[in-house]
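Dear colleague,

I am passing on the structure we spoke of, and my notes on it follow below. Please read them with the coordinates open beside you.

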Amino acid sequence: SILAGQRIKRGGKTEAKDEYAGEMVLLDVTPLSLGIAVQGGVFSVIIPRNSPIPTKESKTYTTVRANQPSILVEVFQGESEMAKRNEKLGTFELDEIPPAPRGSPQIQVEFYIDANGMLEVTAT
C-alpha cells in the first residue's frame, strides 16, 4: 500500500504489514448468466453471472397449454433479456407430462456447475 511504502521510505524501523495479506481468496465464477428460453422467447436466468462455482440453482416452471405432453428446454448463456440474442448451449425435451390444465404441472429445472466448470441441466 502507499502508506506502507512511505513508512519504509522514511527509514523507520517499523515493518509495514498489509492488513489484508493472506485474506485474499480467488474464486472461479460464471462469466455469463445461464438460463432457459420461456414463453415469448424471454431468457429466464437460473444462474446469474459472477456466481461462484461450484453452484446449483433451480426454478419452477409450468406448461402454457392444457394437456401439454412435453416441453422443449433450450439452454442459453448471455445477458440479453431475449433468448435468441444469447448463445444457445443445447436443448432437450421433457416428455410424458401427465395431462393437466394449463399452468398446473410444476416442472423443476435445475442447473449444476461442478468445480471443473461442467454444466448439467435436469428437468423433472
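In the hairpin formed by E1 and E2, where 3 residues lie between the strands, Gly-40 adopts a positive phi near 85°. Please bear in mind that this is a predicted model, and that every value in this message was computed from it. The two strands of that hairpin, E1 (34–38) and E2 (residues 42–47), run antiparallel and are joined by 5 bridges, with Val-38 standing opposite Val-42 of E2.

E1 also pairs with E4 (71–77), again in the antiparallel sense, over 3 bridges. One pair that can be followed here is Leu-34 with Gln-77, its bridge partner in E4: the two residues are 43 apart in sequence, yet their C-alpha atoms are 4.5 Å apart in space. When neighbours within four places in sequence are left aside, Gln-77 is in contact with Leu-32, Ser-33, Leu-34, Phe-43, Asn-86, Glu-87 and Leu-89.

E4 is in turn joined to E5 by 7 bridges, and these strands too run antiparallel; Leu-72, for instance, stands opposite Glu-93 in E5. Taken together, the pairings give an open sheet of 4 strands in the order E2-E1-E4-E5, with antiparallel pairing. Its edge strands are E2 and E5 (87–94), each of which pairs on one side only, and the twist from one strand to the next averages 30°. As for how covered the strands are, E1 is mostly covered, with 4 of its 5 residues buried.

The remaining topic is the pocket. The largest pocket holds about 330 Å³ of space, and 16 residues line it, of which Ala-37, Val-38, Gln-39, Thr-62 and Leu-72 are the closest to its centre. The elements that contribute two or more residues to this lining are strands E1 and E4, and E4 provides the largest share, with 4 residues. Sorted by class, the lining of the largest pocket consists of 9 nonpolar, 6 polar and 1 charged residues. Two of the residues closest to the centre have already appeared above, namely Val-38 and Leu-72: Val-38 as the residue opposite Val-42, and Leu-72 as the residue opposite Glu-93.

With best regards

Notes
Residues are numbered from 1 along each chain as its sequence is written. This is a predicted model: local features need pLDDT of at least 70, side-chain atom pairs count only at pLDDT 80 or more; totals for chains, interfaces and linings use all residues. Side-chain values use heavy atoms; hydrogens and water are left out. On a 1 Å grid over the protein atoms alone, a cavity is a set of points where a 1.4 Å probe fits but cannot get out, and a pocket is an open set with protein on both sides within 12 Å along at least five of seven lines; lining residues have an atom within 4 Å of a point. Grid points are joined across faces, edges and corners, and a volume is the space filled by probe spheres set on the points. Ala, Val, Leu, Ile, Met, Phe, Trp, Tyr, Cys and Pro count as nonpolar, Asp, Glu, Lys and Arg as charged, and the others, Gly among them, as polar. Buried means under 20% relative accessible area, exposed over 50%, partly exposed in between (1.4 Å probe, protein chains only). Two strands pair if DSSP finds at least two bridges between them. Contact means heavy atoms within 4.5 Å. Axes are lines fitted to C-alpha atoms, for helices over the stretch in contact, and angles run from 0 to 180 degrees between N-to-C directions.
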